[in-house]
Amino acid sequence: MAETNLMSAASALTTKQLQQKLSSEKKSEHPVLLLFEIPSTRVVENQLSKYVVYEVVVMLSGSFDSRRVSVERRYSDFLRLQRLLLQEFDSALEDVSPPPKLLSGNFCAAVLLQRRLSLQDYLAKLFSTRCVRRSPLFAAFFTDAEQRGALVLLRGGQFSPALRQLEDVLALQDKLQCWQSPALRLPTLCALAVCHCDLQQHQEALDAAQRALPVARRCGLRSHRAALLRLLMDLSYRLGLPGARLQDELQGLQDRPPSLKDDPPTLKELVIQQFT
């Protein structure tokens with residue numbers, strides 16, 4: 001009986017291992033892709049204008065995505081994206097364009113439905129174009145407005161709402177990261193560290209700064225690297241963590257030509273300068 005139980009356990013383990021192997025192979029056969037959905041619209045009306053805002057949801061394919069994040073964009077934002085991409089890639093976009101501008105019927109339900117589907121298809125076609133999905137312009141379409149809005153809040157001392165907005169931006173950048181420069185998330189991670197610091201959330205600030213530091217190293221951004229090291233040393237002291245290695249790295253950075261400024265900028269100053 002004992003021998004039979006051992007054989008059953010070994011068989012079950014082997015089956016589990018095989019299932020994991022098959023699952024891994026399936027994932028490698030189906031690379032992660034970005035999917036776009038425009039599930040809703042809303043009409044904004046004020047004294048000067050009336051326009052439609054489209055909710056754009058960005059998702060990773062399969063079971064890779066655990067967070068739903070969306071942004072709102074106007075039709076004019078899609079046109080601006082197309083114009084910027086044409087300036088850079090021109091011939092690569094011969095067969096890719098947003099739906100044409102309408103002179104009337106813009107707010108009709110049937111028209112809005114068709115336009116939602118057309119804009120959704122437009123984003124999918126852009127992503128299928130290799131040079132576009134790797135372009136900073138494509139990533140900026142989904143994050144730039146929210147990132148700048150968060151920095152306005154940060155400069156105004158509204159750290160909690162800035163933090164919430166930055167977390168959404170980072171979630172989007174995480175989805176886009178596979179096709180973008182490693183530096184994509186650096187300003188957001190630095191801004192998150194600053195917000196957490198000002199809110200006295202030292203562990204969260206440490207986590208954000210630790211994620212940002214390898215990116216600053218990899219991209220050769222000495223001022224950001226030095227500012228992050230100084231912040232991490234301070235946070236490590238507050239949290240009772242060792243900081244000798246951080247001190248050694250900062251000293252090595254300062255000793256290496258060209259020398260850093262005598263009065264180097266803080267991380268907060270660098271974050272604000274980034275979007276000024």
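Strand β2, which covers residues 50-60, pairs with β3 in the antiparallel sense over 6 bridges, and this pairing is a convenient place to begin reading what is a predicted model. The protein chain as a whole has 11 helices and 3 strands, and from the N terminus on its elements run α-β-β-β-α-α-α-α-α-α-α-α-α-α. The points below take up the sheet, the helices that pack on the sheet, helix α7 and, finally, the chain as a whole.

**The sheet**

- The 3 strands form an open sheet in the order β1-β2-β3, and their pairing is antiparallel.
- Because β1 (34-45) and β3 (69-74) stand at the edges and have a single partner strand each, one side of each is left without a neighbour in the sheet.
- From one strand to the next, the twist averages 25°.
- Within the pairing of β2 and β3, Glu55 has Glu72 of β3 as its bridge partner.
- As general background, strands of a sheet pair through backbone hydrogen bonds, in either a parallel or an antiparallel manner.

**Helices on the sheet**

- Helix α3, made up of residues 109-128, lies across β1 and β2 and runs at about 140° to β1.
- Helix α5, made up of residues 136-155, also packs on the sheet, where it touches β1, β2 and β3, and its direction makes about 90° with that of β3.

**Helix α7**

- Helix α7 spans residues 186-198, and its 13 residues reach 19 Å from the first C-alpha to the last, which is close to the 18 Å expected at 1.5 Å a residue.
- This helix is mostly covered, since 12 of its 13 residues are buried; among them are Leu186, Pro187, Thr188, Leu189, Cys190, His196 and Cys197.
- The buried residues of α7 pack against α5, and likewise against α6 (159-176), α8 (202-219), α9 (222-238) and α11 (267-274), so that α5 appears both in this packing and on the sheet.
- After α7 comes Gln200, a residue whose phi is positive, near 60°.

**The chain as a whole**

- Of the 276 residues in the protein chain, 38% are buried.
- Among contacts in the protein chain with a separation of 6 or more, 62% are accounted for by residues 24 or more positions apart.
- The accessible surface of the protein chain comes to about 16,100 Å², and 52% of this surface belongs to carbon and sulfur atoms.

Definitions and conventions: Residues are numbered from 1 along each chain as its sequence is written. This is a predicted model: local features need pLDDT of at least 70, side-chain atom pairs count only at pLDDT 80 or more; totals for chains, interfaces and linings use all residues. Side-chain values use heavy atoms; hydrogens and water are left out. Helices (H or I, at least four residues) and strands (E, at least two) are DSSP runs, numbered from the N terminus. Buried means under 20% relative accessible area, exposed over 50%, partly exposed in between (1.4 Å probe, protein chains only). Contact means heavy atoms within 4.5 Å. Accessible areas come from the Shrake-Rupley method with a 1.4 Å probe; for residues, only the protein chains shown count as cover. Two strands pair if DSSP finds at least two bridges between them. Axes are lines fitted to C-alpha atoms, for helices over the stretch in contact, and angles run from 0 to 180 degrees between N-to-C directions. The expected span of a helix is 1.5 Å times one less than its number of residues.
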